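Student: I'm new to this one and a bit lost. Could you pick a single part, take me through it slowly, and then show me how the rest fits around it?

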Amino acid sequence: MEIEGLKFRNGFQTIKAPNYFMATITLEGVTAHTCGQLPKLGSKAPNFSLVDQGLNNHSLNSYLGKKVVLNIFPSVDTGICANSVRTFNREAAELDNVVVLNISRDLPFSFKRFCIAEEIKNVITLSEFRDSSFSDRYNVLIMDGDFEGLMSRAVIIIDEQGMVIYSEQVPEIAQDPNFEAALAMLK
Amino acid sequence: MAKITLGGNPINTKGDLPAIGTEAPNFKLVDESLKVQELSDYKGKKIVLNIFPSIDTGVCANSVRTFNKEATDLENVSILNISRDLPFAFKRFCAAEGIENVVNLSEFRDTNFSDAYNVMITDGGFAGLLSRAIVIVNEAGQVIYTEQVPEIGQDPNFAAALAALKS
């Protein structure tokens with residue numbers, strides 16, 4: 001059964017999406033929507049292909065056997081996103097068998113510039129600029145408002161077997177993720 | 001498909017740039033303030049589309065600096081720098097470099113610009129980025145000059161583009 005949803009702009013076109021999929025967040029207090037709910041706890045994390053600073057593709061499957069943190073955000077060139085990369089970079093140095101993947105729609109060149117300037121060496125940055133397969137599968141694409149077309153702020157942790165064990169859709173984009181809760185899952 | 005090179009290796013773009021004399025396709029892109037801008041907003045001006053892979057690479061950054069410097073001497077001309085960099089990257093770059101005479105537009109929401117202008121790179125490490133190209137549109141919205149730079153690591157022909165603006 002198809003449920004009639006609200007109309008949302010996607011890439012300047014109006015599309016219909018079933019409203020039970022939508023997640024509501026805020027951008028400095030203004031309501032916005034993502035394209036859906038994060039993958040459920042206990043479900044298998046969808047595979048993806050994203051591009052690193054060397055323009056090489058990385059898939060989630062290549063990290064099987066490790067705990068994987070997906071630190072998802074709008075842009076490394078904004079303060080809160082940059083801070084989350086710094087925080088995970090610092091913490092990652094003390095974590096065993098954990099890989100932190102920072103994911104946004106920033107181009108790889110922007111990530112590279114940032115990581116060199118900030119001496120970020122313990123985490124991986126991955127860019128979704130070739131298609132929207134990651135944000136479609138993880139439901140992190142923002143569908144309306146000024147941040148339409150960017151990713152929402154979210155943290156997902158995947159265990160060694162590829163199952164989702166933790167997720168946070170940060171309710172307000174201008175707010176830090178819950179680092180403590182995420183790190184507790186990793187230790 | 002148009003053939004170009006990246007560091008000497010052959011790669012392809014989606015196709016040929018719009019032909020000279022044709023009407024420049026309209027587009028919607030996003031500026032540094034996250035506002036949508038269209039080509040039609042600039043009707044009545046000469047418009048330079050300075051298209052490139054990423055502001056965070058040397059040749060692209062240099063082209064923005066060059067056009068920013070030249071723009072002060074040009075009357076009734078708007079320079080639009082266009083890439084798939086996020087607006088935040090453009091903003092940081094321009095704030096750091098004091099770039100004030102040009103407009104920066106990002107294609108991150110869809111591919112309407114690169115589809116219409118055939119500037120998407122389709123293979124190799126730069127697949128999904130825009131090729132380096134210059135398109136000049138006159139006051140009536142017609143394409144009057146184009147350059148598909150044949151090698152990504154090479155500057156566009158600034159002198160020829162500037163001559164087209166002053167003619």
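**A strand, a helix, a strand**

Tutor: Let's start in chain A, where strand E7(A), helix H1 (residues 79–92) and strand E8(A) make a right-handed β-α-β unit. Keep in mind as you look that this is a predicted model.

Now zoom in on E7(A), which covers residues 67–72. How many of its six residues are buried? Five of them are, so the strand is mostly covered. Then look to either partner. E7(A) runs parallel to E8(A), residues 98–104, and six bridges join the two strands. If you want one pair to find on screen, take Ile72(A), whose bridge partner in E8(A) is Ile103(A). E7(A) also pairs with strand E10(A), residues 154–158, but here the sense is antiparallel, and there are five bridges. For this pairing, find Val68(A), which stands opposite Ile158(A) in E10(A). So that's E7(A): parallel to E8(A) and antiparallel to E10(A).

Let's step back to the whole chain for a moment. Chain A has four helices and eleven strands, and 40% of its 187 residues are buried. How much of the contact pattern links residues that are at least 24 apart in chain A? Taking contacts between residues at least 6 apart in sequence, 61% join residues at least 24 apart.

Next, follow chain A on to helix H2(A), residues 108–118. Its buried residues are Pro108(A), Phe109(A), Ser110(A), Phe111(A), Lys112(A), Arg113(A) and Phe114(A). What do they pack against? Within chain A, they pack against strand E5 (49–51), strand E9 (124–127) and H1, the helix you already met in the β-α-β unit. They also pack against H2 of chain B. Just past the end of H2(A) comes Glu119(A), with a positive phi of about 55°, although Glu119(A) is not a glycine. For comparison, most residues other than glycine have a negative phi. Glu119(A) is in the loop between H2 and E9 of chain A. Is Glu119(A) buried or exposed? It counts as exposed because it has 9 C-beta neighbours inside 10 Å.

That helix from chain B brings us to the interface. Here 18 residues of chain B are in contact with 17 residues of chain A. On the chain B side, the largest share, three residues, comes from helix H2(B), residues 87–97. Sorted by class, the chain B side has seven charged, six nonpolar and five polar residues.

And chain B itself? It contains four helices and nine strands, in the order β-β-β-β-β-α-β-α-β-α-β-β-α along the sequence. Its radius of gyration is 14 Å, close to the 15 Å that the globule rule gives for 167 residues, so chain B is as compact as a globular protein of that length. Along its principal axes, the C-alpha trace spans about 40 × 35 × 30 Å. In chain B, 43% of the 167 residues count as buried. Of its contacts between residues at least 6 apart in sequence, 65% join residues at least 24 apart.

A good residue to click on is Leu80(B), which sits in strand E6(B), residues 77–83. Leu80(B) counts as buried because it has 22 C-beta neighbours inside 10 Å. Apart from residues up to four places away in sequence, Leu80(B) touches Ile47(B), Val48(B), Leu49(B), Asn50(B), Val103(B) and Leu105(B). From Leu80(B) to Asp31(B) it is 49 residues in sequence and 9.8 Å in space, C-alpha to C-alpha.

Chain B also has a residue to compare with Glu119(A). Leu34(B) is not a glycine either, yet has a positive phi of about 70°. You'll find Leu34(B) in the loop between strand E3 (28–30) and strand E4 (36–38) of chain B. Leu34(B) counts as partly exposed because it has 17 C-beta neighbours inside 10 Å.

Last stop: the largest nonpolar core, which has 96 residues. Which residues have the most contacts inside it? They are Val69(A), Ile156(A), Val48(B) and Val135(B). You've just seen Val48(B) among the residues that Leu80(B) touches. As for Val135(B), leaving aside neighbours within four places in sequence, it is in contact with Leu17(B), Pro18(B), Leu49(B), Tyr117(B), Val143(B) and Thr146(B).

How values were computed
Residues numbered from 1 in each chain as written. Chains lettered and ligands numbered in written order. Predicted model: local features only at pLDDT ≥ 70, side-chain atom pairs only at ≥ 80, totals over all residues. Contact = placed C-beta atoms within 7 Å. Nonpolar A, V, L, I, M, F, W, Y, C, P; charged D, E, K, R; others polar. Buried ≥ 20, exposed ≤ 12 C-beta atoms within 10 Å, placed from the backbone. Core = buried A, V, L, I, M, F, W, Y, C linked by C-beta atoms within 7 Å. Pairing = 2+ DSSP bridges. Right-handed = clockwise from strand over helix to strand, strands pointing away. Rg over C-alpha atoms; globule rule 2.2 N^0.38 Å.
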